[in-house]
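Thanks for sharing this one. Here are my notes, set out as numbered points so that you can follow them alongside the structure.

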Amino acid sequence: MVANRIQEAAAMRTIIRDSKAMWFRLLPPRLRGDHSLIMSRLFRETTPLLEIEEAVVVRGLVKRYGELVAVAGIDFAVARGELFGLLGPNGAGKTSTMRMLYGGSSPTEGRLEVLGLDVASHRREVKMRLGVVPQETNLDQDLLVRQNLLVHGRFYGLARQEREDRADELLDFFQLRDKANAPVETISGGMKRRLLIARALMSRPEVLVIDEPTTGLDPQARHLLWGRLRELRDRGVTMILSTHYMDEAERLCDRLVILDRGKILAEGTPRELIEMEIGRQVLEIELAGPEREGAAALARDAGAGVERSDRGLLCYARDAEALLHHLRTRGVAPLQAHLRMATLEDVFLRLTGRSLVEG
Ligand SMILES: Nc1ncnc2c1ncn2[C@@H]1O[C@H](COP(=O)(O)OP(=O)(O)OP(=O)(O)O)[C@@H](O)[C@H]1O
Ligand SMILES: [Mg+2]
């Protein structure tokens, strides 16, 4: 019976996701906020049985700090076992959203449910079942690496043997065993991020909220962490992470929302977002100034999306090579041409006219 309902819910989810994708393609970006609201209402009212699968449900969430609107009415839901991303630039409202999720601050408006519990009225229970990795490292600098885990385990009421076993298991999992008795201040930034995640996992949370897992880490440390997060997902931990790295979101997240200035601009799997907004491929061409207008018009006429770059144009097309050929045969002579697959960075640029990473 339950298995049937879950299957039914999965089928409904696919139908809704497909229709969402269709509407997204049809609507211009400025109308997509409304669209997202309409779809989430439809989602809520027509398919209540879907909710049994949801680990997190966010409805009409708003956070204001005085005059400043940090989160401007957002809706999303995260399925159990999903690795879900909030992707957005500095100041988008990622940390504000996450804090409200784990009960670290109260929403100005809106409703939040974690594991079927209303966060406002079940703050304590939600805290016990959720793990939190904050953006700022808040390890206890006076304690050794392993002690940080043990103290946290005691706080969550784990018996002595259980916290020792769990701490050792997590030190192994995050490749920190060699550093078990090192003072926290002597370990690297990558190790500190891993230790923070290990600490959040001491209580065996069902949902893990990770604010910027790899900010400031070198490529090797990031890859190591991504691998561990994927493995946790495969073990069934639901994860919500925030990031401003589009490659992180693209490689790691099953599904994500793109947040900007407190609003959700788009939602989907990385592939869906890229295909919805961009097509598959990008043709970057460098052009002499006077040629740009004409080349842009030609590319648009050929059905490509076009954005300006510092030195020329970015053209979004299903087949970038065919587009380049099309332009060349019509007299466009690029100084340089580069073909590549589209990324989430392109999606963000297309939606906002800005680059995701500032500066
Ligand atoms: N406690 C606070 N009081 C006042 N303003 C705040 C507070 N916390 C955040 N803000 C503001 O709210 C907006 C959203 O901030 P938030 O930290 O949620 O963004 P973010 O997406 O996490 O950014 P980052 O990538 O820099 O971490 C910003 O303009 C920020 O200055
Ligand atoms: Mg933040």
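1. Let me start with the chain as a whole. Of its 359 residues, 40% count as buried. Please keep in mind throughout that this is a predicted model. The protein chain contains 13 helices and 14 strands. Among contacts with a separation of 6 or more, 71% are between residues 24 or more positions apart.

2. Now the four-stranded sheet. This open sheet has its strands in the order 2-1-4-5, and the pairing is antiparallel. Its edges are taken by strand 2 (68–79) and strand 5 (117–118); each has a single partner strand, so one side of each is left without a neighbour in the sheet. Strand 1 (residues 54–65) and strand 4 (residues 109–114) run antiparallel and are joined by five bridges. If you would like a pair to look at, Val57 has Glu113 in strand 4 as its bridge partner.

3. A helix packs on that sheet. Helix 3 (residues 94–101) lies across strand 1, strand 2 and strand 4, and it runs at about 120° to strand 1.

4. Helix 3 also matters for reading the ligand site. Which element gives the most to the shell around ligand 1? It is helix 3, with three residues. Strand 2 and helix 3 each supply at least two residues of this shell. There are 13 residues around ligand 1, and those that come nearest are Tyr65, Ala70, Lys94, Thr95 and Ser96.

5. On to the six-stranded sheet. This one is open too, with the order 6-7-8-3-9-10 and mixed pairing. Strand 6 (130–133) and strand 10 (263–268) are the edge strands, each with a single partner strand, so one side of each is left without a neighbour in the sheet. From one strand to the next, the twist averages 15°. Strand 7 and strand 8 (residues 238–243) run parallel, with five bridges between them. Here Ile210 stands opposite Leu241 in strand 8.

6. Next, helix 10 and one of its residues. Helix 10 lies across strand 9 (255–260) and strand 10, running at about 105° to strand 10. Met276 belongs to helix 10 (residues 270–277). Is Met276 buried or partly exposed? With 18 other C-beta atoms within 10 Å, Met276 is partly exposed, because burial takes 20 or more. Its C-alpha atom is separated by 9.7 Å from that of Ala266, ten residues away along the chain.

7. The largest nonpolar core deserves a look. It has 90 residues, and Val56, Val209 and Ile258 have the most contacts inside it. Both domain 1 (54–271) and domain 2 (279–341) give residues to this core, so it lies between them. Leaving aside residues up to four places away in sequence, Ile258 touches Leu87, Gly88, Ile264, Leu265, Ala266, Val347, Phe348 and Leu351.

8. Finally, two backbone angles to check by eye. Most residues other than glycine have a negative phi. Gln175, however, has a positive phi, near 50°. Gln175 sits in the loop between helix 6 (160–173) and helix 7 (189–201), and it is partly exposed, with 13 other C-beta atoms within 10 Å. Glu212 is not a glycine either, and its phi is positive at about 60°. Glu212 lies in the loop between strand 7 (207–211) and helix 8 (219–234). With 21 other C-beta atoms within 10 Å, Glu212 is buried.

How values were computed
Residues are numbered from 1 along each chain as its sequence is written. Chains are lettered from A and ligands numbered from 1 in the order in which they are written. This is a predicted model: local features need pLDDT of at least 70, side-chain atom pairs count only at pLDDT 80 or more; totals for chains, interfaces and linings use all residues. Two strands pair if DSSP finds at least two bridges between them. Two residues are in contact if their C-beta atoms, placed from the backbone, lie within 7 Å. Axes are lines fitted to C-alpha atoms, for helices over the stretch in contact, and angles run from 0 to 180 degrees between N-to-C directions. A residue is buried if 20 or more other C-beta atoms lie within 10 Å of its own, exposed if 12 or fewer, and partly exposed in between; C-beta atoms are placed from the backbone. A nonpolar core is a set of buried Ala, Val, Leu, Ile, Met, Phe, Trp, Tyr and Cys residues joined through C-beta atoms within 7 Å. Domain bounds come from an automatic or database domain assignment. A residue is near a molecule or strand if its C-beta atom, placed from the backbone, lies within 6 Å of it.
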